[in-house]
Amino acid sequence: MPKIRTKLSIGFPGATREEIIELDQDEWDECETEQEREELIDAAAQEWANNFIDIEAEVIEE
């Protein structure tokens with residue numbers, strides 16, 4: 001099963017999270033080009049990162 005190393009950083013020293021995640025073997029095998037594999041990797045990394053991101057926004061002045 002293909003594995004990728006992901007690293008999430010918010011720009012502060014030590015404020016990072018790194019993890020190795022496994023990609024779905026069938027999805028990997030279905031990729032016909034290197035670009036499709038890169039897109040699969042990017043999508044998996046983004047999905048992983050979204051699990052750790054919590055953003056709030058509010059209007060403070062109009």
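Three salt bridges turn up in a search of the whole structure. A salt bridge here is a Lys or Arg side-chain nitrogen within 4 Å of a carboxyl oxygen of Asp or Glu. One caution before the pairs. This is a predicted model, so local features need pLDDT of at least 70 and side-chain atom pairs count only at pLDDT 80 or more, while totals for chains, interfaces and linings use all residues. Numbering runs from 1 along each chain as its sequence is written, and side-chain values use heavy atoms, with hydrogens and water left out.

Now the pairs. Lys3 and Glu22 meet through their side chains at 4.0 Å, N to O. This pair links distant parts of the chain: Lys3 sits in strand S1, Glu22 in strand S2 (residues 16–22), 19 residues apart. Strands are DSSP runs of E, at least two residues; helices are runs of H or I, at least four; both are numbered from the N terminus. Lys3 and Glu22 are both exposed. For burial, the cut-offs are these: buried is under 20% relative accessible area, exposed is over 50%, and partly exposed lies in between, with a 1.4 Å probe and protein chains only.

Next, Glu18 and Arg5. Their closest N and O atoms are 3.3 Å apart. Glu18 is in strand S2 and Arg5 in strand S1, so this salt bridge ties together parts 13 residues apart in sequence. Arg5 is exposed, at 59% relative accessible area. Glu18 is partly exposed, at 45%.

Then Glu19 and Arg17. Their side chains form a salt bridge at 3.4 Å, N to O. Glu19 is partly exposed at 28% relative accessibility, and Arg17 is partly exposed at 39%.

Stay on strand S2 for a moment. Ile20 lies there too. How exposed is Ile20? Partly, because its relative accessible area is 49%. Its C-alpha atom is 6.1 Å from that of Thr6, with the two positions 14 residues apart along the chain counted as their separation.

On to the core. Which residues make up the largest nonpolar core? There are 11: Ile4, Leu8, Ile21, Leu23, Trp28, Cys31, Leu40, Ile41, Ala44, Trp48 and Ala49. Strand S1 (3–9) and H2 are the elements that give two or more residues to this core. H2 gives the largest share, five residues. By core I mean buried Ala, Val, Leu, Ile, Met, Phe, Trp, Tyr and Cys residues joined through side-chain atoms within 4.5 Å. In soluble globular proteins, nonpolar side chains tend to be buried together.

Helix H2 also has a charged side to report. Glu38 is in this helix, residues 34–50. Glu38 is partly exposed, with 39% relative accessible area. It belongs to a negative surface patch with Glu32, Glu34, Glu36, Glu39 and Asp42. Patch members have over 30% relative accessible area and no salt bridge; like charges are joined within 9 Å, and nonpolar side chains (Val, Leu, Ile, Met, Phe, Trp, Tyr) within 5 Å.

Last stop, the segment after H2. Ala57 is found there. Ala57 is exposed, at 81% relative accessible area. Where does Ala57 stand relative to Ile21? Their C-alpha atoms are separated by 30 Å, and the two residues are 36 apart along the chain.

Notes
Areas by Shrake-Rupley, 256 points an atom, 1.4 Å probe, with all protein chains shown as cover. Lys, Arg positive; Asp, Glu negative; His and termini not counted. Charge placed at Lys NZ, Arg CZ, Asp CG, Glu CD.
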